[in-house]
There are 2 protein chains.
Amino acid sequence: MTLHYVIPLVFPPSSFFTIPMLTEITKEEVISRLRNAGISPSGPRIAVFHFLCNNHIHPTVDTIFHALSPENPTLSRTTVYNTLKLLLAKKLIQSVKIEDTEVRFDGNPAFHAHFKCRQCDCIIDLFDVPCPAIPQSEDFQIELPQVNFYGICRNCQQKLKA
Amino acid sequence: MTLHYVIPLVFPPSSFFTIPMLTEITKEEVISRLRNAGISPSGPRIAVFHFLCNNHIHPTVDTIFHALSPENPTLSRTTVYNTLKLLLAKKLIQSVKIEDTEVRFDGNPAFHAHFKCRQCDCIIDLFDVPCPAIPQSEDFQIELPQVNFYGICRNCQQKLKA
DNA sequence: TTTAGATTTGTAATGAAAACAATTTTAATA
DNA sequence: TATTAAAATTGTTTTCATTACAAATCTAAA
């Protein structure tokens with residue numbers, strides 16, 4: 001079977017750039033999600049998870065640390081690392097391996113593809129790229145795949161044109 | 001349109017594990033490919049590219065360096081880095097961003113998915129996972145996507161059963 | 001109030017990658 | 001063949017994300 005796709009003239013095309021309802025996730029909702037996952041909702045954990053849920057910028061550890069430090073003066077990088085590892089293990093977030101050497105994080109654990117702009121290094125969610133078939137085993141769970149695109153984002157395309 | 005997939009009992013299932021003809025790529029063929037790409041075929045470049053074409057193990061820089069050092073006693077890590085960067089720019093190879101912090105390399109630049117075993121850390125080519133639709137722009141080339149699966153490979157599944 | 005376990009913190013260590021300058025090689029020209 | 005400029009390679013140094021580790025702090029149960 002061959003699938004045919006409409007080839008858009010700009011990237012990301014609107015059909016690949018659906019923006020989901022960006023309702024603010026409250027601290028209470030964050031605490032509830034942590035409790036449901038069996039994680040005791042400490043201050044740093046609430047802060048890190050809340051930041052990831054409401055900032056769809058696929059931050060690095062350092063970005064998270066610097067964003068939260070002013071409000072949490074005693075926060076340490078190690079705690080950010082520990083917290084992210086814990087959230088990943090409980091599948092409350094996902095990691096995005098789209099850079100060569102550093103990991104980025106995404107507060108939305110559901111499958112979606114990502115696009116990295118080679119010009120401005122932004123990372124954009126692509127909610128309308130279908131998830132590739134995930135082979136399942138009787139004995140083992142195969143995790144969601146990562147699907148990463150690379151290129152030039154629409155903003156940078158327009159800047160380069162001008 | 002909904003697609004239905006046969007769910008295999010073991011992973012990787014045979015249909016996801018097609019092994020292409022693994023004919024040895026000769027040094028002459030390697031030199032020819034380098035010349036066609038406008039790269040002068042120096043000793044280190046031939047060695048690195050030849051290694052990648054004939055060892056489908058998705059090696060790291062360090063693995064390549066240690067594999068080639070005995071035959072090339074003066075080879076330096078920096079040269080391996082430089083050569084890989086050049087081969088990538090000319091699209092003779094591809095990088096595989098499937099680990100958190102280090103990049104792996106693949107002598108086959110054509111699209112195929114990858115699977116990483118969380119148990120033994122091996123990386124397996126999945127030649128039968130279809131390439132997601134690649135949005136194309138009039139002005140900019142969007143590069144091939146990376147599709148990465150994670151889980152437990154068949155070997156480790158059997159070891160864990162026993 | 002005590003105390004054990006959980007959590008957080010800061011420092012040190014690791015290691016991949018990049019930056020950099022110097023050396024060596026190559027290839028064109030005299 | 002000799003000269004020389006560009007290309008390629010090399011080793012060292014630096015950077016920086018991540019991990020390891022041990023000490024300090026906090027939490028919640030007894």
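For this document, Ala, Val, Leu, Ile, Met, Phe, Trp, Tyr, Cys and Pro count as nonpolar, Asp, Glu, Lys and Arg as charged, and the others, Gly among them, as polar. Keep that handy, and remember that the model you're looking at is predicted.

**Exercise 1. Describe the protein surface near DNA strand D: which residues come nearest, and what classes does the surface hold?**

Step 1. Start with the residues. There are 18 of them around DNA strand D, and the nearest are A:Val103, B:Ser40, B:Ser42, B:Thr74 and B:Thr79.

Step 2. Look at the DNA side. Of the strand D atoms that come within 4 Å of the protein, 67% belong to sugar and phosphate.

Step 3. Sort the residues by class. The surface near DNA strand D has ten polar, five nonpolar and three charged residues.

Step 4. Find the helices involved. α4 (77–89) of chain A, α2 of chain B and α4 of chain B each supply at least two residues of this surface.

**Exercise 2. Which side chains put a polar atom by a phosphate oxygen of DNA strand D?**

Step 1. Go to chain B. B:Ser42 has a polar side-chain atom 2.3 Å from a phosphate oxygen of strand D, and for B:Ser40 the distance is 2.7 Å.

Step 2. Hop over to chain A. Here A:Tyr81 places a polar side-chain atom 3.1 Å from a phosphate oxygen of DNA strand D.

**Exercise 3. Now do the same for DNA strand C: which residues come nearest, and which atoms sit by its phosphate oxygens?**

Step 1. List the neighbours. DNA strand C has 18 residues around it, with A:Ser40, A:Ser42, A:Thr74, A:Thr79 and B:Val103 coming nearest. Sugar and phosphate make up 73% of the strand C atoms that come within 4 Å of the protein.

Step 2. Check the phosphate oxygens. A polar side-chain atom of A:Ser42 lies 2.3 Å from one, while an N or O atom in the side chain of A:Thr74 is 2.7 Å from a phosphate oxygen. With A:Leu75, the backbone takes part: a polar backbone atom there is 3.4 Å from a phosphate oxygen of strand C.

Step 3. Name the elements. α2 (43–54) and α4 of chain A, along with α4 of chain B, give two or more residues each to the surface near DNA strand C.

Step 4. Tally the classes. Near DNA strand C you get five nonpolar, ten polar and three charged residues.

**Exercise 4. How do helices α2 and α4 of chain B cross, and which residues meet there?**

Step 1. Get the geometry. The axes of α2 (residues 43–54) and α4 (residues 77–89) of chain B come within 10 Å and cross at roughly 65°. These two helices are therefore roughly perpendicular to each other.

Step 2. Add the handedness: α2(B) passes α4(B) in a right-handed crossing.

Step 3. Pick out the residues. From α2(B) come B:Pro44, B:Arg45, B:Val48, B:Phe49 and B:Leu52, and they meet B:Thr79, B:Thr83, B:Leu84, B:Leu86 and B:Leu87 in α4(B). By class, that contact has seven nonpolar, two polar and one charged residues.

**Exercise 5. Where does α3 of chain B make its contact with α4(B), and at what angle do the axes cross?**

Step 1. The axes of α3 (residues 61–68) of chain B and α4(B) come within 10 Å and cross at roughly 120°. That makes α3(B) oblique to α4(B).

Step 2. The crossing is right-handed. On the α3(B) side, the contact uses B:Val61, B:Asp62, B:Ile64, B:Phe65 and B:His66, and on the α4(B) side B:Arg77, B:Val80, B:Tyr81 and B:Leu84.

Step 3. Count the classes: the contact of α3(B) with α4(B) has six nonpolar, one polar and two charged residues.

**Exercise 6. What classes of residue make the contact of α2(B) with α3(B)?**

Step 1. Set the scene. The axes of α2(B) and α3(B) come within 11 Å and cross at roughly 110°, which makes α2(B) roughly perpendicular to α3(B).

Step 2. Read off the residues. B:Ala47, B:Val48, B:Phe51 and B:Leu52 of α2(B) make the contact with B:Ile64, B:Ala67 and B:Leu68 of α3(B).

Step 3. Classify them. This contact has seven nonpolar residues, no polar and no charged ones.

Note on methods. Residues are numbered from 1 along each chain as its sequence is written. Chains are lettered from A and ligands numbered from 1 in the order in which they are written. This is a predicted model: local features need pLDDT of at least 70, side-chain atom pairs count only at pLDDT 80 or more; totals for chains, interfaces and linings use all residues. Side-chain values use heavy atoms; hydrogens and water are left out. Axes are lines fitted to C-alpha atoms, for helices over the stretch in contact, and angles run from 0 to 180 degrees between N-to-C directions. Helices (H or I, at least four residues) and strands (E, at least two) are DSSP runs, numbered from the N terminus. Angles under 35 degrees count as roughly parallel, over 145 as roughly antiparallel, 65 to 115 as roughly perpendicular and the rest as oblique. A crossing is left-handed if the near helix is turned anticlockwise from the far one by less than a right angle, and right-handed if clockwise. Contact means heavy atoms within 4.5 Å. A residue is near a molecule or strand if one of its heavy atoms lies within 4 Å of it. A polar contact is a pair of N or O atoms within 3.5 Å; within protein, one must be able to donate a hydrogen and the other to accept it, and residues adjacent in sequence count only if both atoms are side-chain atoms.
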